[in-house]
Amino acid sequence: MLHRIWGYTLGCRLNAYETEAILEEFRLRYGMERVSDPALATVILVNTCAVTGRSTARSRKAVRSLCRRTGAMVVVTGCVAQVIPEEFSENEVLLLPNTSKSILVDTVAESLGMEPGADREAPGMPDAIFPACAPEVMSRTRAFLKVQDGCDNRCSYCIVPSARGPSRSQPREIVLVHAARMAEAGFREILLTGVDLVGYGKDLYDGDYGLIDLVRDLLAIGGFRLRLSSMEPIGLKAEMLEGLAYPGVCRHLHIPVQSGSDRILDSMGRKYTAADIRVLFDTASKSFPGIGIGSDIIVGYPGETEEDFRMTLELVSHPAVAYLHVFPFSPRPGTPAASMKELMIHPETVTGRARKLRSLSLRKRKAFRESQLGAEATVLVESRIHEPTGRYIGMTDNYIPVISPVGSGEGEMVRMVLARDDICWDRR
Ligand code: SF4
């Protein structure tokens with residue numbers, strides 16, 4: 001029987017990367033056909049997310065609905081499967097948590113009664129957390145490259161260390177091979193992903209080789225620009241930002257600061273102060289002129305006062321901050337912050353603060369784009385079409401969506417001087 005597989009991802013880019021890699025492994029090693037409609041699938045993979053109460057609930061609902069609507073075998077993996085597997089107890093699913101991701105494909109195939117699949121394409125994979133197949137296709141123009149997983153920090157609100165384990169890096173040789181393949185396949189942008197990119201290499205190279213070295217070696221391959229995904233400010237030093245400022249690194253960083261109050265940051269276990277973050281923002285602005293920085297903020301962390309919130313507003317008002325992702329505090333089971341019940345903030349207060357921050361984010365996004373009018377940017381032409389003009393949408397290196405110049409083709413890299421009519425103001 002020819003099996004057909006469909007995948008569904010909740011949560012972060014790392015999860016998206018892993019779903020893609022697992023689906024490709026099913027295709028390459030077991031000859032499964034990938035389909036774009038769950039109704040056509042005989043196997044459905046759901047990669048879940050436990051980072052907030054809402055993402056956990058969405059994971060549970062997705063699994064329940066897919067079990068009801070389809071006759072497929074439903075395989076559930078990811079962070080909810082790892083830390084709160086009982087969420088799926090009412091459904092008949094095959095549960096394979098993050099720690100089983102390396103054997104997921106073979107386990108599913110075995111339970112389907114399939115013959116053993118072809119050997120893994122890339123032998124010697126160091127760890128279960130790095131899937132065997134390079135994730136060549138995440139979009140037609142941009143490839144994702146996972147170089148690290150897990151986290152050694154213990155932020156009081158975060159479930160990720162329980163869900164993904166300690167920090168582990170992909171050896172540089174393997175990263176470089178994957179990147180070279182991506183370049184050969186024609187990708188002009190590679191997005192480096194990891195839970196804690198700043199910690200890249202610490203587990204393998206004892207301080208002799210880190211993120212700056214990796215970025216330098218990747219750029220030496222040539223043919224693409226590099227975008228760095230979220231960079232945790234814990235352990236991020238101004239020198240690292242300066243060292244990363246190679247031509248070829250996008251002028252766009254995502255630095256999740258979470259709060260602007262030192263008291264709250266301390267309670268969160270974040271190991272930096274608002275002043276440290278200002279230094280990082282200033283350094284990034286100098287090292288990458290025209291940079292757009294995104295940030296994550298948690299609102300309504302237990303004990304957050306109006307004054308704490310005011311300090312957060314003040315910190316993220318920095319001109320280099322171009323947008324915010326706002327997360328109302330969500331107690332995650334088993335984390336220290338979940339037990340601070342007596343300090344919980346009234347939900348209406350949390351909603352009000354979240355609204356204020358989201359509205360600030362909209363104003364900042366607009367102001368950042370305004371500030372780039374007349375500036376030159378490198379644009380990667382994507383496959384999406386801007387309906388009113390029929391031209392392709394492109395993304396500048398500092399993360400502004402634009403309408404690509406007439407005549408430019410998908411996957412091309414073009415230089416543009418940004419005019420008001422070029423910018424897709426309503427797009428994120
Ligand atoms: S650094 Fe990030 S992933 Fe690690 S524990 Fe803190 S919030 Fe979670």
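**Exercise 1. State into which domains the protein chain is divided.**

Solution. The protein chain has domain 1 (4–111), domain 2 (142–371) and domain 3 (376–422), with bounds that come from an automatic or database domain assignment. Between the C-alpha centres of domain 1 and domain 3 there are 34 Å.

The model is predicted: local features need pLDDT of at least 70, side-chain atom pairs count only at pLDDT 80 or more, and totals for chains, interfaces and linings use all residues. Residue numbers start from 1 along each chain as its sequence is written.

**Exercise 2. Explain where the largest nonpolar core lies with respect to the domains.**

Solution. A nonpolar core is a set of buried Ala, Val, Leu, Ile, Met, Phe, Trp, Tyr and Cys residues joined through C-beta atoms within 7 Å. A residue is buried if 20 or more other C-beta atoms lie within 10 Å of its own, exposed if 12 or fewer, and partly exposed in between; C-beta atoms are placed from the backbone.

Step 1: the largest such core has 99 residues, and Ile44 and Val74 have the most contacts inside it.

Step 2: domain 1 (4–111) and domain 2 (142–371) both contribute residues to this core, so it lies between them.

Step 3: a second, separate core has ten residues, among them Val379 and Tyr392.

**Exercise 3. Determine whether Pro171 is buried, exposed or partly exposed.**

Solution. Around Pro171, 18 other C-beta atoms lie within 10 Å, so Pro171 is partly exposed. In space, Pro171 is 9.9 Å from Asp203, C-alpha to C-alpha, while 32 residues apart from it in sequence.
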